[in-house]
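I opened the model to look up its enclosed spaces, two of its helices and a few single residues. My entries follow in the order I worked.

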Amino acid sequence: MRILLLLCMAGCGPVHERGFTIALFTADITPPIGHALCGGMVKPAERIADPLFARGFVLRGEETVVFAALDWTELRNDAYEAWRESLATAAGTTPSRVLVHCVHQHDAPYADLEAQRLLDAAGLRGFHVDPAFHARALKDVAAAVRAAVPRRVTHVGMGEADVERVASNRRVDVGGKVTFKRYSRTSDPAVKNAPEGLIDPKLKTLSFWDVERPLAALSLYAVHPMSHYGGGSVSADFPGLARAERQAAMPDVLQIYASGCAGDVTAAKYNDGNEASRKALAGRLREAMERAWTSTRRAPLEGVRTRIAKVAFELPTLPAIEPGMSNAKKLDAALGLSFAKRIGRPIDVPAVDVGPAQLLLLPAETFVEFQLAAQRARPDRFIAVAGYGECGPGYIPTERARAEGYVEEHGYCWVAPGAEEKLRRALAEALNSR
């Protein structure tokens, strides 16, 4: 895998001894042909439609903070901790100040190393993830972090714009019956064409500047990042296409994309599951990125401080891996058992103060209501929310959705009732909104 580095441009200016710096990195994390995609839930990689990247920054001030956005489905449990520890060592900081996010495309790798070990014992070696590929990808990203060149950063930029005709909530009421079957692509007209439901319509862009020179832009939007998938074609999907178009338009400004809290938000209402839909969705997302950039206001970067709240979930009843199970059921059981092994260690919920903005990372497939709650908690601040941090819990639904049957309908949830209150307390603590 090749590593691409964004080097300091001529005239970038000296780094002041007591100022702030940002070091930008990007590395190719595309899997080899034959590797599992979406953790073994879809067809393995047969072709590369477009490459996958890890993109991010190392921000240094009073503290050193790393943010890395990966074009992978998920990182869970020991794999997630391995990334935090390795990038912390590369940047010279602590793992608690490393924010690792997965954009959550499905035609992409997914890693839970303990789950793969459990599957190895069940005769499914390499079914979920190839540990050797995982180790190479992590090594390459850590090398990119070490080699990234610090540049002076003096200001933070904050912009936002409505995204038109992309997101829709999974929840629909069909004939008086609530269902959550608005998947990423949906053929039932009654489900597909129902109202959008609860979404966050805003794409937010947090940017970093050296006075009037932009250096990097992190755009965040809450929607499942899939148009069509499952055919073995590795792709960063429509967010990756939108990001690439913005990068081509602004070659000197690193473009980073992160998915918000989108456990219950998909593009199904506006997606026909074909290449034309992928391009249309990418175009609408890119247009929102452009409008957010145009609306950006800058403010001096006066501090970089991190607060880390802790959240400890409780487990539901978990199945064991049984010989007669299908491979899909064995995978599901292995993922649950892996999370059960790490349940004694609370999950970090970090929020980074960057001047008048806050960057919050929430775990797993958190529902959009948590993102909206974070914004309501600090109306005085520009709140940029990424989901898909530590993905061990799977879906983290609201209690209302749980009562309406979300978990029975979807599965893929390794937290017991009561998770909503626990996560709301943690995000309020991280944002210092109490």
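**Cavities.** I needed the term first: a cavity is a set of grid points where a 1.4 Å probe fits but cannot get out. A volume here is the space filled by probe spheres set on the points. The model is predicted, which I kept in mind throughout.

I looked up the largest cavity. Its volume is about 90 Å³. The lining has 13 residues, and Y80, I347, D348, P350 and E390 are the closest to the centre. I then asked which elements each supply at least two residues of that lining. They are α1 (77–91) and β21 (347–354). By class I noted seven nonpolar, one polar and five charged residues in the lining of this cavity. Counting cavities of 30 Å³ or more, I got five.

**Largest pocket.** Next I went to the open spaces. The largest pocket has a volume of about 520 Å³. I listed 24 lining residues; M41, H106, Y395, H410 and Y412 lie nearest the centre of the pocket. Which element gives the most to this lining? It is α7, with four residues. The lining divides into 13 nonpolar, seven polar and four charged residues.

**Helix α7.** That sent me to α7, residues 327–342. I checked its length. The helix has 16 residues, so at 1.5 Å a residue it should span 22 Å; the end C-alpha atoms are 23 Å apart, which agrees. Its buried residues are K330, L331, A333, A334, L335, G336, S338, F339 and R342. I looked for what covers them and found, among others, α1, β8 (110–111), α2 (113–121) and β21. Both α1 and β21 were already in my notes, from the lining of the largest cavity.

**Helix α5.** I ran the same check on α5, residues 237–249. The 13 residues reach 19 Å from first C-alpha to last, close to the 18 Å expected. I found D237, F238, P239, G240, A242, R243, R246 and Q247 buried in α5. The cover over them includes β4 (53–60), β17 (254–259) and α6 (275–294). A reminder for reading such lists: an α-helix has 3.6 residues a turn, so residues three or four places apart point the same way.

**N169.** I moved on to N169, in strand β11 (residues 168–169). Is N169 buried or exposed? The cut-off for buried is under 20% relative accessible area. N169 has 5%, so it is buried. Its side chain makes a polar contact of 3.2 Å with the side chain of D264. Leaving aside neighbours within four places in sequence, I found N169 in contact with R182, E196, G197, L198, I199, D264, V265 and V368.

**Positive phi.** Last, the backbone. Most residues other than glycine have a negative phi. I noted two residues that do not follow this.

R165 is not a glycine, yet it has a positive phi of about 60°. R165 sits in the loop between β10 (155–162) and β11. With 46% relative accessibility, R165 counts as partly exposed.

Y412 is the other entry, with a positive phi near 55°. I placed Y412 in the loop between α10 (406–410) and α11 (419–430). Y412 has a relative accessible area of 15%, so it counts as buried. I had met Y412 before, among the residues nearest the centre of the largest pocket.

Conventions
Residues numbered from 1 in each chain as written. Predicted model: local features only at pLDDT ≥ 70, side-chain atom pairs only at ≥ 80, totals over all residues. Heavy atoms only, no water. 1 Å grid on protein atoms, 1.4 Å probe; cavity = no way out; pocket = protein on both sides within 12 Å on 5 of 7 lines; lining within 4 Å. Nonpolar A, V, L, I, M, F, W, Y, C, P; charged D, E, K, R; others polar. Expected span 1.5 Å × (residues − 1). Buried < 20%, exposed > 50% of the residue type's maximum accessible area, 1.4 Å probe, protein only. Contact = heavy atoms within 4.5 Å. Polar contact = N/O pair within 3.5 Å; in protein donor to acceptor, adjacent residues only side chain to side chain.
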